[in-house]
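Grab a coffee and open the model in your viewer. Below are some short exercises, each with a worked solution to check yourself against.

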Amino acid sequence: MSDDGLPVPPPGPSPPEAHATSSPLVRDLVIGTADGLTVPFALAAGLSGAVAANPLIVTAGLAEIAAGCIAMGLGGYLAARSEADRYATEYRREWAETDEYPERERWEVAAILHRYGLRGETLRKATAAICADRTRWVDFMMRAELELNEPEAGEAPRSALRIGGSYVMGGLVPLLPYMLLDDTRASLAVSCAVTGLALLAFGWLKARATGMPRLSGAVQTAAIGAAAAGAAFGIARLAGG
């Protein structure tokens with residue numbers, strides 16, 4: 001034991017610990033990039049089946065990217081704002097309950113610690129230590145009872161920028177061939193190849209960040225994009241006769 005009572009770590013280098021990442025940054029980039037790659041790709045593929053005019057496809061694609069960026073960014077802002085409002089509301093409620101019903105709240109702390117195996121004098125001392133400080137007490141209840149973590153300040157506008165920005169970056173990938181080439185069929189072929197590779201790479205990175213099998217994550221993401229584009233292309237060809 002160290003001087004402060006903590007166990008001393010074992011000697012030697014620490015083994016690498018590979019844990020899944022579930023941060024707001026990863027979540028926002030996944031949401032924005034996934035939709036950004038898929039929706040404009042499906043739109044461009046669908047228009048390619050109905051018209052043979054790259055400028056029209058590019059204009060429609062850019063309009064969709066602008067609208068999608070705003071809609072997705074606003075959705076991310078509102079979601080993050082709602083999480084922050086919920087946390088603030090629950091924090092005020094827990095603070096009031098520790099003041100109005102302290103014995104019940106102490107029992108709840110003891111019940112939570114009991115589930116983790118604490119018993120007898122150890123349970124009593126741990127409960128007393130947590131409840132000795134009001135802020136620590138409420139923070140413990142927020143995490144252990146309600147499973148809520150305090151959002152970072154300014155997270156809502158940052159979330160909006162991350163989702164909207166990643167949507168734009170993802171959406172430009174399938175449109176670039178239509179911007180650089182004149183022939184619609186050639187543009188569609190290049191767009192399919194480039195977007196397919198981008199979807200595979202994005203799916204692999206997403207699976208790595210979330211702890212999923214990487215190969216299956218890459219294939220799954222690419223398959224979803226291909227299905228969306230194929231459906232849009234087929235409907236456009238049927239509608240165009």
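**Exercise 1. Find which residues line the second largest pocket, and which helices they come from.**

Solution. This is a predicted model, so keep that in mind throughout.
- Step 1: pick out the lining, which is made up of Val-26, Leu-29, Val-30, Thr-33, Ala-198, Ala-201, Phe-202, Leu-205, Lys-206 and Ala-209.
- Step 2: map those residues onto the elements. Helix H1 (24-48) and helix H7 (184-210) are the ones that give two or more residues to this lining.
- Step 3: see who gives the largest share. That's H7, with six residues.
- Step 4: sort the lining by chemistry. You should get eight nonpolar residues, one polar and one charged.
- Step 5: add the volume, which is about 170 Å³ for this second largest pocket.

**Exercise 2. Work out what the chain is built from, helices or strands.**

Solution.
- Step 1: count the elements. There are eight helices and zero strands.
- Step 2: write the order from the N terminus, and you get α-α-α-α-α-α-α-α.
- Step 3: look at burial. The chain has 241 residues, and 34% of them count as buried.
- Step 4: check how far along the sequence the contacts reach. Take the contacts between residues at least 6 apart in sequence: 71% of them join residues at least 24 apart.

**Exercise 3. Say how many disulfides there are, and whether Cys-131 and Cys-192 are buried or partly exposed.**

Solution.
- Step 1: apply the cut-off, a pair of cysteine sulfur atoms within 2.5 Å. The count comes to zero disulfides.
- Step 2: take Cys-131. Its relative accessibility is 11%, so it counts as buried, the limit being under 20%.
- Step 3: take Cys-192. Here the relative accessible area is 36%, so Cys-192 is partly exposed.

**Exercise 4. Describe the surroundings of two threonines, Thr-98 and Thr-184.**

Solution.
- Step 1: place Thr-98. You'll find it in helix H2 (residues 54-100).
- Step 2: check its burial. Thr-98 has a relative accessible area of 4%, so it is buried.
- Step 3: look for a polar partner. A polar atom of the Thr-98 side chain lies 2.8 Å from the backbone oxygen of Trp-95.
- Step 4: set aside neighbours within four places in sequence. Thr-98 is then in contact with Glu-105, Arg-134, Trp-137 and Val-138.
- Step 5: move to Thr-184, which sits in helix H7. At 8% relative accessibility, Thr-184 is buried.
- Step 6: find its side-chain partner. The side chains of Thr-184 and Asn-54 are joined by a polar contact of 2.8 Å.
- Step 7: list what else Thr-184 touches, leaving out residues up to four places away in sequence. Among them are Ser-48, Val-51, Ile-57 and Tyr-178.

**Exercise 5. Explain why the phi of Glu-147 deserves a second look.**

Solution.
- Step 1: recall the general rule. Most residues other than glycine have a negative phi.
- Step 2: compare. Glu-147 isn't a glycine, yet its phi is positive, at about 55°.
- Step 3: locate the residue. Glu-147 belongs to the loop between helix H5 (134-145) and helix H6 (155-180).
- Step 4: check accessibility. Glu-147 comes out at 67%, and exposed means over 50%, so Glu-147 counts as exposed.

**Exercise 6. Find what separation in space goes with each of three pairs: Ala-231 and Ala-45, Val-39 and Gly-225, and Arg-86 and Leu-148.**

Solution.
- Step 1: start with Ala-231, in helix H8 (residues 214-239). Ala-231 is partly exposed, at 41% relative accessibility. Its C-alpha atom is 9.1 Å from that of Ala-45, though the two residues are 186 residues apart along the chain.
- Step 2: go to Val-39 in helix H1. Val-39 has a relative accessible area of 35% and is partly exposed. Between the C-alpha atoms of Val-39 and Gly-225 there are 8.2 Å, against 186 residues along the chain.
- Step 3: add the contacts of Val-39. Not counting residues up to four places away in sequence, Val-39 touches Glu-64 and Tyr-167.
- Step 4: finish with Arg-86 in helix H2. Arg-86 counts as partly exposed at 49%. Arg-86 and Leu-148 are 62 residues apart in sequence, and C-alpha to C-alpha they are 9.2 Å apart.

Note on methods. Residues numbered from 1 in each chain as written. Predicted model: local features only at pLDDT ≥ 70, side-chain atom pairs only at ≥ 80, totals over all residues. Heavy atoms only, no water. 1 Å grid on protein atoms, 1.4 Å probe; cavity = no way out; pocket = protein on both sides within 12 Å on 5 of 7 lines; lining within 4 Å. Points joined across faces, edges and corners; volume = space filled by probe spheres on them. Helix = DSSP H or I, 4+ residues; strand = E, 2+ residues; numbered from the N terminus. Nonpolar A, V, L, I, M, F, W, Y, C, P; charged D, E, K, R; others polar. Buried < 20%, exposed > 50% of the residue type's maximum accessible area, 1.4 Å probe, protein only. Polar contact = N/O pair within 3.5 Å; in protein donor to acceptor, adjacent residues only side chain to side chain. Contact = heavy atoms within 4.5 Å.
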